[in-house]
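Hello,

Here is the structure I promised to pass on to you. Please open it beside this email, and then read on for what turned up in it.

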Amino acid sequence: MRERTIGIVVYRSTPQGVRFLLLHTAGPYWIFPKGRPNLGEAGDELTTAFREVQEESGIRRAQIRLVDGFCETYDYDFDVHTPGGGSRHVKNTAVFYLGETNESKILVSSEHLSGNWFDAPTAHRKLFYPGGRGILAKAVATLKQRGLVV
């Protein structure tokens, strides 16, 4: 069974064009805000997505407007080391919505080293995982279709 992580590709419009929020976890790992559902959030992906964005960046639900119809996914697998020297294989599906904010201030959680707003080409270079780069490409295409300068 695949576990789910849920997040939002948060963007804001600036005079220089659209900027995307990325969070730096460690080493080369820059990602979009996302996380696992808490107890009681099963079946309510948007509650999880908004909570994760607020916990990880300080941007509140009321400060984000979702883009209708955008919900994209990618699958990824990894191994987790368990106590006693073993490991467990985890299969995940990442689910992302797209949301606009006017907020530029980021209050990065202790889970991350930093966060910042990047133009699309820079965000593409910084995103570590291919799945994240694919989600960014879909977000950029959606925003261009809506007439935004990306």
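Strands S1 and S2 form a hairpin, with two residues between them. Strands here, like helices, are DSSP runs numbered from the N terminus, with at least two residues (E) for a strand and at least four (H or I) for a helix. S1 covers residues 3–14 and S2 covers residues 17–26. Four bridges hold this antiparallel pair, where two strands count as paired if DSSP finds at least two bridges between them. Within the hairpin, Ser13 stands opposite Val18 of S2.

Before going further, a word on the source: this is a predicted model, in which local features need pLDDT of at least 70 and side-chain atom pairs count only at pLDDT 80 or more, while totals for chains, interfaces and linings use all residues. Residues are numbered from 1 along each chain as its sequence is written, and side-chain values use heavy atoms, with hydrogens and water left out.

S1 has other partners too. It runs parallel to strand S6 (residues 87–101), joined by nine bridges, and there Val10 has Gly99 as its bridge partner. Strand S4 (residues 34–35) is antiparallel to S1 and is joined to it by two bridges; Ile6 is partnered with Gly35 in S4. Nine of the twelve residues of S1 are buried, so the strand is largely enclosed by the rest of the structure. Buried means under 20% relative accessible area, exposed means over 50%, and partly exposed is in between (1.4 Å probe, protein chains only).

Have a look at Arg12, which is found in S1. How far away is the nearest side chain of opposite charge? That side chain is Glu103, 8.1 Å away, and Arg12 is buried yet has no salt bridge. For charge, Lys and Arg count as positive and Asp and Glu as negative, with His and the chain ends not counted. A salt bridge is a side-chain nitrogen of Lys or Arg within 4 Å of a carboxyl oxygen of Asp or Glu. Leaving aside neighbours within four places in sequence, the contacts of Arg12 (heavy atoms within 4.5 Å) include Val18, Thr101, Glu103 and Trp117.

Elsewhere, salt bridges do form: the structure holds nine. One of them is between the side chains of Glu3 and Arg36, at 3.3 Å from N to O. That pair links distant parts of the chain, with Glu3 in S1 and Arg36 in the loop between S4 and helix H1 (45–57), 33 residues apart. Glu3 counts as partly exposed at 28% relative accessibility, and Arg36 also counts as partly exposed, at 35%.

Arg4 forms another salt bridge, with Glu45, and the closest N and O atoms are 2.7 Å apart. Because Arg4 lies in S1 and Glu45 in H1, this pair ties together parts that are 41 residues apart in sequence. Glu100 and Arg65 form a salt bridge as well, with 3.7 Å between the closest N and O atoms. Here Glu100 sits in S6 and Arg65 in strand S5 (residues 64–81), 35 residues apart. Finally, Arg2, Asp75 and Asp77 are joined into one network by salt bridges that share partners.

One last place to visit is Tyr29, in strand S3 (residues 29–31). Its relative accessible area is 30%, so Tyr29 is partly exposed. The C-alpha atoms of Tyr29 and Tyr129 are separated by 8.0 Å, although these residues are 100 apart along the chain. Beyond its neighbours within four places in sequence, Tyr29 is in contact with Leu23, His24, Phe128 and Tyr129.

Happy exploring, and best wishes!
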